[in-house]
Amino acid sequence: MTVALKSGRSARNPREVSIKDFPRDASVESQLKFLVNYAVLAPSVHNTQPWLFRVLDHTIEIYANRSRALAVVDPDDRSLIISCGSCVHLFTRVLNAFRMEHKCSVFPDMADPDLMARITVTSSPKGDPDEALVQAIVRRSTIRRGFQSLPLPEAFIDWFTKGNDERPDFIRTVMEKESEFLILRQLQETERNYQSDKRYRRETESWTHPLRERSQDGIPMNPDEPTTMVSCWSVDNAPDHATMLAVLTEPADTPRAWLETGEHLIQVLLEASRMGLNAAIMNLPSTSTDIRSMIKPLIGFSGDPILLLRFGRPRRKLITPRRSTVDVMLHPGFRH
Ligand SMILES: Cc1cc2nc3c(=O)[nH]c(=O)nc-3n(C[C@H](O)[C@H](O)[C@H](O)COP(=O)(O)O)c2cc1C
């Protein structure tokens, strides 16, 4: 059950959050409530925002909100938990950005599979916020309306392709055009098959239409504009050197591994955002064994392909809404 908190500051639209409103002299509890505004900017499948927060003193708990699950496309809650993983990791990055030391434990309570993480702040803010990181968090968004034809920055390509220590091993780029072509073609075919399933269509359409102003969730796409599948994932819609296809893999098929995948997802998206790039995201590999098994040999890697990312610069941004923090806050006195 959710209970609205009477806190004027946290009731604002998270899209309007600003560093200058950080309540520096308030209690850690108030600061954590304020920082929820940044954590909810995490990506989530269909912008379902499947998370809830409970703040008590120096501790914040992040719960999965399974009432926002997608029964057709995500029957096991894998994408839901990946989304929560992004939110958990984003919260820790926000605390880093505001120079608040903390400890984070994931799945801290074996008796409660909905409790994704418990984060305890161990110091008050030390120094000025890391504005570049905060900007990278605020500017990140999913590309939905195609790519600009500008070349990608060398530094970004190097980060992925050179074998340096910083490069994460959970993501692999698809550099050969032939492989990229095969993957994109398979995506289109799988999506066409899914579209013939009425339950899939209904569920997707219920989260993807322009009238999202009241609910502040879902994706406000206009039915007259090309779908993301057409503008971002077709074979011929991105000029050479303007995009880079990458595959995010997961180490195992367990809720803990899904949570970790979500952490990895936001990590690479923030790295891209720091360099002025964004990504289109595609979860068909997580639902289709056909796609998974065709991608695996192409990337020559042991993990299971789970999400595809196509990095670039958006031709036009689509800003998705976020629910007010009062709607995602659990009262400390209530059991989840
Ligand atoms: C697990 C997961 C799966 C996603 N799958 C897709 C997808 O298949 N297609 C797509 O266009 N966007 C996908 N997204 C992106 C979300 O739609 C997007 O994060 C959400 O609408 C919020 O928008 P924003 O990322 O611009 O803030 C996915 C995001 C997550 C976390």
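How many salt bridges does the rule find across the interface of domain 1 and domain 2? Keep that in mind while you set up the view; this is a predicted model, and the tour starts with its two domains.

**Stop 1: colour the domains.** Select 9-139 together with 323-330 and give them one colour: that's domain 1 in the domain assignment. Then pick 154-312 for domain 2. If you drop a pseudo-atom at the C-alpha centre of each domain, the two centres sit 23 Å apart.

**Stop 2: the interface.** Now show the residues that touch across the boundary. You should get 34 residues from domain 1 in contact with 34 from domain 2. A common way to put a number on an interface is the accessible area lost when the parts come together. Here about 3,000 Å² is buried between domain 1 and domain 2, and carbon and sulfur atoms contribute 62% of that area.

**Stop 3: the charged and polar pairs.** Back to the opening question: the rule finds three salt bridges across the interface of domain 1 and domain 2. For a salt bridge to zoom in on, select R68 and D217 and draw a distance between their closest N and O atoms; it comes out at 3.0 Å. With polar contacts switched on, the interface of domain 1 and domain 2 has 11 residue pairs, both partners at pLDDT 80 or more.

**Stop 4: the domain 1 face.** Hide domain 2 and look at the side of domain 1 that touches it. Helices α2 (78-97) and α3 (131-139) each supply at least two residues to this side. Which one gives the most? It's α2, with 11 residues. Colour this side of domain 1 by residue class and you'll find 18 nonpolar, eight polar and eight charged residues.

**Stop 5: two backbone oddities.** Next, pull up a Ramachandran plot. Most residues other than glycine have a negative phi, so a positive value is worth a click.

- Select H46, in the loop between α1 (28-39) and β1 (51-56). Its phi is near 50°, a positive value in a residue other than glycine.
- Move on to D57, in the loop between β1 and β2 (59-64). Phi of D57 is near 55°, again positive in a residue other than glycine.

Buried or partly exposed: where does H46 fall? H46 has a relative accessible area of 17%, and since the cut-off for buried is under 20%, H46 counts as buried. D57, at 48%, is partly exposed, because that class runs from there up to the 50% above which a residue is called exposed.

Conventions:
Residues are numbered from 1 along each chain as its sequence is written. This is a predicted model: local features need pLDDT of at least 70, side-chain atom pairs count only at pLDDT 80 or more; totals for chains, interfaces and linings use all residues. Side-chain values use heavy atoms; hydrogens and water are left out. Domain bounds come from an automatic or database domain assignment. Contact means heavy atoms within 4.5 Å. Buried area is the accessible area (1.4 Å probe) that two parts lose on being put together, summed over both. A salt bridge is a side-chain nitrogen of Lys or Arg within 4 Å of a carboxyl oxygen of Asp or Glu. A polar contact is a pair of N or O atoms within 3.5 Å; within protein, one must be able to donate a hydrogen and the other to accept it, and residues adjacent in sequence count only if both atoms are side-chain atoms. Helices (H or I, at least four residues) and strands (E, at least two) are DSSP runs, numbered from the N terminus. Ala, Val, Leu, Ile, Met, Phe, Trp, Tyr, Cys and Pro count as nonpolar, Asp, Glu, Lys and Arg as charged, and the others, Gly among them, as polar. Buried means under 20% relative accessible area, exposed over 50%, partly exposed in between (1.4 Å probe, protein chains only).
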